[in-house]
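Open the model in your viewer and keep the selection tool at hand. This tour goes stop by stop.

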Amino acid sequence: KNVSKSYRLGLTRTSLPSLISGWAKKLIASNPSSIPRNRDIWALKDVSFDLESGQSLALIGPNGAGKTTVLKLLANITQQTAGQIETHGRLSALIELGAGFHPELTGRENIYLNGTILGIKKKELDQKFDEIVDFSGLEKFIDTPIKRYSSGMNVRLGFSVAACIEPEILLVDEVLAVGDSIFRQKCIDRIHELISKGTSIIFVSHNLWLVQSVCSQAIYLNDGQIEAFGDTAK
């Protein structure tokens, strides 16, 4: 409800030492006015929407429109500057390629690591392990460190963990564009299955065919604001 998010350009870290360092550089500069000042950029401006159980929503729009920022806020990766966010139910997110994976660990080890990050107990992961591996199609490579995986293999493993634990809310970013067409269709079928069981889906993609295949509703974001909200085909 009325969510806005701002980032400060030129500020890469917000730790006390880095802030003091920046202040000191300005202080000793021969011409302080020549140093560019940090500027705020609004990634989202007064965004509001509701999503009910079992509904599927696409976020579309140009690069930099704020789509991924919405997902990161919902996943609690970052915090909003203003407004209120409420999520109800177990949430699983596939936002950044390889997020939640450790490159030195094997596929098997990363399933347990990623599942733990998502709040899944080891007993449940034990029960779901074979299903996750089977869905990913990575049986031959499951004991190989994922630093040797291709980007497509990373997507296979990440989506398999996110989808096979049957979340109540599933967030999916553009990562499916990396996978091959056969696995992409497998993911679409799995998403439809989850929706039929009551999972809420928020899906970000530039592929409008994928969007229409997965989502009944869509939001068109531009420059951090909602410009249209309604039926996906329209």
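Which residue takes a positive phi in the hairpin of β7 and β8? Select D223: its phi is near 55°. The hairpin has 2 residues between the strands. Keep in mind that this is a predicted model.

**Stop 1: the hairpin strands**

Select residues 217-222, strand β7, and then residues 225-231, strand β8. The two strands run antiparallel and pair over 6 bridges. Now pick A218 and look across to β8. There, G230 stands opposite A218.

**Stop 2: the whole sheet**

Widen the selection to the open sheet of 6 strands. Trace the strands in the order β4-β5-β6-β3-β7-β8. The pairing in this sheet is mixed. Which strands sit at the edges? They are β4 (91-94) and β8, and each pairs on one side only. Turn the view to follow the twist, which averages 15° from one strand to the next.

Go to β4 and add strand β5, residues 169-172. This pairing is parallel, over 4 bridges. Zoom in on S92. The bridge partner of S92 in β5 is L170.

**Stop 3: the cores**

Next, show side chains. Nonpolar side chains tend to be buried together in soluble globular proteins. Here, the largest nonpolar core has 42 residues. Select I111, L157, F159 and F203, the residues with the most contacts inside this core. Then colour the elements that give two or more residues to the core: β3 (56-60), α4 (122-136), α5 (151-164), β5, α6 (181-196), β6 (200-204) and α7 (208-214). Which element gives the most? That is α5, with 8 residues.

Centre the view on F203. What does F203 touch, leaving out residues up to four places away in sequence? Its contacts include L57, A58 and L59. Also among them are V172, L176 and I191. Add L210, V211, V214 and C215 to complete the list.

Another core, of 18 residues, lies apart from the largest one. Select V3, I95, I202 and L221, which are among its members.

**Stop 4: aromatic pairs**

Now select the rings. The model has 4 aromatic pairs. Start with Y112 and F129, a stacked pair. The ring centres are 5.8 Å apart, with 20° between the planes. Y112 lies in helix α3 (residues 107-117) and F129 in helix α4, so this pair ties together parts 17 residues apart in sequence. Is each ring buried or partly exposed? Y112 is partly exposed, with a relative accessible area of 24%. F129 counts as buried, at 8% relative accessibility.

Move to F159 and F183. Why is this pair edge-to-face? The planes of the two rings stand at 85°, with the centres 6.4 Å apart, so the pair is edge-to-face. F159 is in helix α5 and F183 in helix α6, 24 residues apart. Both F159 and F183 are buried. Add F135 to the selection: F135, F159 and F183 form one aromatic cluster.

**Stop 5: charges over rings**

Stay with F135 and select K186. The charged end of K186 sits over the ring of F135, 4.8 Å from the ring centre. For the last view, select K5 and Y7. K5 lies over the face of Y7, at 4.9 Å from the ring centre.

Notes
Residues numbered from 1 in each chain as written. Predicted model: local features only at pLDDT ≥ 70, side-chain atom pairs only at ≥ 80, totals over all residues. Heavy atoms only, no water. Pairing = 2+ DSSP bridges. Axes fitted to C-alpha atoms, helices over the stretch in contact; angles between N-to-C directions. Core = buried A, V, L, I, M, F, W, Y, C linked by side-chain atoms within 4.5 Å. Buried < 20%, exposed > 50% of the residue type's maximum accessible area, 1.4 Å probe, protein only. Contact = heavy atoms within 4.5 Å. Phe/Tyr/Trp six-rings, centres within 6.5 Å; stacked < 30°, edge-to-face > 60°. Lys NZ or Arg CZ within 6 Å of the ring centre and 35° of its normal.
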